[in-house]
Amino acid sequence: MPAMEQAFLFDNAVVWEFAGNDRDNEPTILTPYQIKCRWEGTPNTRGVDSTGQLVRYDAFLIANEEYPLGSIFWLGYIEDLPAGSNELYRSVSVEKVKDMRGIDESIIYNLQRFTDTLPGIVGTS
């Protein structure tokens, strides 16, 4: 039986991991791939991002893997990914939460709607 933190990862999402910035200081991403997660929409929820600024969150994602801040997520299966989707979200903060036993860990990513076009893909995951 999987750990409780993994048993409730019943949603599918696509992730483009943030790979850094190129020579022109533009963000770059890795090739997208599908993950299991728990996705919750939280319109107009406010919180503090990784720099300490007050921000609005549009959704949060719970996963058992770590992804770099700035990674882009889309709720759904990779084979259903539409071209030019406007339902993209970018991770702006992360929080790690241990279970009651202190053994298993879930990672919560706070997401903001991503309204730009996808950055250039520079490699594979």
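Which residue forms a salt bridge with Glu66? The partner is Lys96, and the closest N and O atoms of the two residues are 3.0 Å apart. Here a salt bridge is a side-chain nitrogen of Lys or Arg within 4 Å of a carboxyl oxygen of Asp or Glu. Glu66 sits in the loop between strand S5 (54-63) and strand S6 (72-75), while Lys96 belongs to strand S7 (residues 88-98), so the contact ties together parts that are 30 residues apart in sequence.

A word on the basis of these values is useful at this point. The model is predicted, so local features need pLDDT of at least 70 and side-chain atom pairs count only at pLDDT 80 or more, whereas totals for chains, interfaces and linings use all residues. Residues are numbered from 1 along each chain as its sequence is written, and side-chain values use heavy atoms, with hydrogens and water left out. Helices (H or I, at least four residues) and strands (E, at least two) are DSSP runs, numbered from the N terminus.

The structure holds four salt bridges, and the pair of Glu66 and Lys96 is one that can be described by its surroundings. Accessibility is given in three classes: buried means under 20% relative accessible area, exposed over 50%, and partly exposed in between (1.4 Å probe, protein chains only). Glu66 has 53% relative accessibility and counts as exposed; Lys96, at 44%, counts as partly exposed.

Another salt bridge brings together the side chains of Glu87 and Arg113, with an N to O distance of 3.2 Å. Glu87 lies in the loop between S6 and S7 and Arg113 in strand S8 (residues 105-114), so this pair links parts that are 26 residues apart in sequence. Glu87 is partly exposed, at 37% relative accessibility, and Arg113 is partly exposed at 37%. A further salt bridge joins Arg56 to Asp58, whose closest N and O atoms are 2.2 Å apart. In this pair Arg56 counts as partly exposed, at 40% relative accessibility, whereas Asp58 counts as buried, at 13%.

The strands named so far can now be placed in the fold. Six strands close into a barrel in the order S1-S4-S5-S8-S7-S6, with antiparallel pairing. From one strand to the next, the twist averages 50°. Two strands pair if DSSP finds at least two bridges between them. For the angles, axes are lines fitted to C-alpha atoms, for helices over the stretch in contact, and angles run from 0 to 180 degrees between N-to-C directions. Within the barrel, strand S4 (residues 33-48) and S5 run antiparallel and are joined by eight bridges. Gly41 has Ala59 of S5 as its bridge partner.

Strand S8 also holds Tyr109, which is buried, with a relative accessible area of 1%. Tyr109 and Arg90 are 19 residues apart along the chain, and their C-alpha atoms are separated by 9.1 Å.

Next to be described is an open sheet of three strands, in the order S2-S3-S9 and with mixed pairing. Its edge strands are strand S2 (18-21) and strand S9 (120-123), each of which pairs on one side only. The twist in this sheet averages 40° from one strand to the next. Strand S3 (residues 27-30) and S9 run parallel, with three bridges between them; Thr28, for example, has Gly120 in S9 as its bridge partner. The loop between S2 and S3 contains Asn25. Asn25 is not a glycine, yet has a positive phi of about 65°, and at 55% relative accessibility Asn25 counts as exposed.

Finally, there is the question of open space. Rolling a probe the size of a water molecule over the atoms shows where empty space is left. A pocket is, on a 1 Å grid over the protein atoms alone, an open set of points where a 1.4 Å probe fits, with protein on both sides within 12 Å along at least five of seven lines; lining residues have an atom within 4 Å of a point. The largest pocket contains about 250 Å³ of space. Of its 15 lining residues, Phe18, Pro27, Gly70, Arg90 and Phe114 are the closest to the centre. S3 and S7 are the elements that give two or more residues to this lining, and S7 provides the largest share, three residues.

Conventions:
Grid points are joined across faces, edges and corners, and a volume is the space filled by probe spheres set on the points.
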